Amino acid sequence: TGNHDLEGLDEFKTDEENLNAFLECFEKDTPYFSKQIGEKTLLVGLSTVRFRDAPYSSHECHVDDAQLEWFQNIVKLHP
């Protein structure tokens with residue numbers, strides 16, 4: 001998801017509530033993913049998880065610790 005996916009200001013009170021709705025709608029367990037799209041090509045997607053709670057601007061992107069740990073493991077597994 002990107003910051004615009006978390007902009008439902010009138011529909012959701014918190015980023016967590018909004019992100020959970022996104023995950024439910026697209027039947028995803030996490031907002032991040034990887035998909036093998038070629039013999040030597042792995043597509044990796046990360047997601048911002050903050051919009052309302054962003055300390056400086058709603059346009060900043062924040063990837064949480066769980067995603068960073070997952071990403072580090074993906075990189076190790078797919079050198």
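A search of the whole structure, which is a predicted model, identifies 2 aromatic pairs. In one of them, Phe-22 and Phe-26 are arranged in a tilted geometry, with 4.9 Å from centre to centre and an angle of 50° between the planes. Phe-22 has a relative accessibility of 18% and therefore counts as buried, the cut-off for this class being under 20%.

Tyr-32 and Trp-70 likewise form an aromatic pair; the ring centres are 4.8 Å apart and the planes meet at 50°, so this pair is tilted. The contact between Tyr-32 and Trp-70 links distant parts of the chain, the two residues being 38 residues apart. Tyr-32 lies in the loop between helix H1 (15–25) and strand E1 (33–38), whereas Trp-70 belongs to helix H2 (residues 65–77). With a relative accessibility of 16%, Tyr-32 is classed as buried.

On the surface, Phe-33, Ile-37 and Leu-43 make up a nonpolar patch of about 260 Å². Of these residues, Leu-43 is located in strand E2 (residues 41–45). The relative accessible area of Leu-43 is 38%, so this residue is partly exposed, a class that falls between the limits of 20% and 50%.

Regarding confidence, the protein has a mean pLDDT of 85, and 91% of its residues reach 70 or more. Among the elements of the protein, the lowest mean pLDDT, 88, is found for H1, and the highest, 95, for H2. Where pLDDT is low, the predicted coordinates should not be read in detail.

Methods. Residues are numbered from 1 along each chain as its sequence is written. This is a predicted model: local features need pLDDT of at least 70, side-chain atom pairs count only at pLDDT 80 or more; totals for chains, interfaces and linings use all residues. Side-chain values use heavy atoms; hydrogens and water are left out. Patches are made of residues with over 30% relative accessible area and no salt bridge: like charges are joined within 9 Å, nonpolar side chains (Val, Leu, Ile, Met, Phe, Trp, Tyr) within 5 Å. Accessible areas come from the Shrake-Rupley method with a 1.4 Å probe; for residues, only the protein chains shown count as cover. A salt bridge is a side-chain nitrogen of Lys or Arg within 4 Å of a carboxyl oxygen of Asp or Glu. Helices (H or I, at least four residues) and strands (E, at least two) are DSSP runs, numbered from the N terminus. Buried means under 20% relative accessible area, exposed over 50%, partly exposed in between (1.4 Å probe, protein chains only). Rings of Phe, Tyr and Trp (its six-membered ring) pair if their centres lie within 6.5 Å; planes under 30 degrees apart count as stacked, over 60 as edge-to-face and the rest as tilted. pLDDT is the predictor's confidence in each residue, from 0 to 100.
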